[in-house]
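This report walks through one protein model, from the overall fold down to single residues. Keep the sequence and the 3D view open while reading.

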Amino acid sequence: MSGAEPNSGRVRVAVRAASEGAAIAADSFRTDLAVETKGSKTDVVTQVDRDAQQTVIETIRGAYPDDPIVGEEANALKAVPSSGPAWIVDPIDGTNNYVGGIRVFGTAVAAVDDGEPVGAATVCPALSDTYRVGPAGAFRNGEVLSVSDCDDPEAATVCPTFWWDFDQRDQYNAACREVVHRFGDMRRFGCAQFELAMVASGALDGALTNLRANPWDTVAGVQLIREAGGVVTDLEGERWRHDSTGLVASNGAIHDDLLAAAREIDG
């Protein structure tokens, strides 16, 4: 792992890169956008996504020209290197919200070393919120974040996060069923990085999926939760990594209940 001072530099670059990418997105928010689909009818992309990613990449390259960059759109790697430093970029997480004029979207940038995050930022420009993690602690707009202290599942609010496509709607149904039957309330925001940030801030008590999520949708938010005192595991209850199957994130106090719910999603 890198030392404290290099990590501080990477955190600063993550915040700057995410802020500049988010500014590109904000400039075109609620304008007439040309929307394309990628893998499915609900997997959408715009030219703004591509422009924002390019801006983020250029900002990172200005400081760390030789580091690999993993990103959602075409001009980036799709897998996180197992060793050495790298960056993970989501230019607009919550693109469906973005194209619909819903304010819940953001640009996420994470710096990793040997596959483990050492700093990250998620900037939600339409909400005026900047989340930062590292080199010590998790913050929103400079204020320290902490997960909730809720230890009663029947009082907890939980989010079934990420997206189950049309051929997985039985799993989506099962995820919602488990949350509704086991916990006090349910939320979905359509932006995974924001949902994970909500767990870190204590606004949500947990989030869960049985899916293997993309690293650009997860790594920054997972590290926010951990630095804020929460727990993130895979479906086996092992420490979550960017290549894990399933993601169960909680304040820690309801984690066993959340893990049991996640394991029921696909039977």
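## Overall fold

Helices here are DSSP runs of H or I with at least four residues, strands are runs of E with at least two, and both are numbered from the N terminus. The model is predicted. By that count, the protein chain has 7 helices and 14 strands.

The C-alpha trace spans about 50 × 45 × 30 Å along its principal axes. For 267 residues, a compact globule would have a radius of gyration near 18 Å; the chain comes to 17 Å, so the two agree. Contacts reach far along the sequence. Of those with a separation of 6 or more, 63% link residues 24 or more positions apart.

## Surface and charge

Buried residues account for 57% of the 267 in the chain. The exposed area is about 11000 Å², and carbon and sulfur atoms supply 46% of it.

Charged side chains number 22 positive and 41 negative. The centres of these two sets lie 3 Å apart.

## Nonpolar cores

The largest nonpolar core holds 59 residues. Ile88, Tyr131, Phe183, Leu208, Leu224 and Leu247 have the most contacts inside it. Helix α5, residues 192–201, gives this core its largest share, 7 residues. Another core lies apart from it, with 18 residues, among them Ala18, Ile57, Ile60 and Val89.

Look at Phe183 in the largest core. Beyond residues up to four places away in sequence, Phe183 touches Pro153, Glu154, Ala156, Val158 and Glu178. It also touches Ile254, Asp257, Leu258 and Ala261.

## Helix α5

How many of the residues of α5 are buried? The count is 10 of 10, so the helix is largely enclosed by the rest of the structure. The buried set includes Gln193, Glu195 and Ser201 alongside Phe194, Leu196 and Met198. Just after α5 comes Gly202, with a positive phi of about 90 degrees.

## Alanine 25 in helix α1

Ala25 sits in helix α1, residues 4–28. Its relative accessibility is 1%; the cut-off for buried is under 20%, so Ala25 counts as buried.

Leaving aside neighbours within four places in sequence, Ala25 is in contact with Val48, Ile92, Tyr98 and Phe105. Ala25 and Pro91 are 66 residues apart in sequence, yet their C-alpha atoms are 8.2 Å apart in space.

## Unusual backbone geometry

Most residues other than glycine have a negative phi, and most peptide bonds are trans. The sites below depart from that pattern.

Gly134 and Pro135 are joined by a cis peptide bond, with omega about -5 degrees. Pro135 lies in the loop between β7 (129–133) and β8 (138–140).

Two loop residues other than glycine have a positive phi. For Asp114 the angle is near 55 degrees; for Phe162 it is near 70 degrees. Asp114 is in the loop between β5 (106–113) and β6 (116–124). Phe162 is in the loop between β10 (157–160) and α4 (169–182).

Are these side chains buried or exposed? Asp114 is partly exposed, at 35% relative accessibility. Phe162 is buried, with a relative accessible area of 11%.

How values were computed:
Residues are numbered from 1 along each chain as its sequence is written. This is a predicted model: local features need pLDDT of at least 70, side-chain atom pairs count only at pLDDT 80 or more; totals for chains, interfaces and linings use all residues. Side-chain values use heavy atoms; hydrogens and water are left out. The radius of gyration is taken over C-alpha atoms; the globule rule is 2.2 Å times the number of residues to the power 0.38. Buried means under 20% relative accessible area, exposed over 50%, partly exposed in between (1.4 Å probe, protein chains only). Contact means heavy atoms within 4.5 Å. Accessible areas come from the Shrake-Rupley method with a 1.4 Å probe; for residues, only the protein chains shown count as cover. Lys and Arg count as positive and Asp and Glu as negative; His and the chain ends are not counted. The place of a charge is taken as NZ of Lys, CZ of Arg, CG of Asp or CD of Glu. A nonpolar core is a set of buried Ala, Val, Leu, Ile, Met, Phe, Trp, Tyr and Cys residues joined through side-chain atoms within 4.5 Å.
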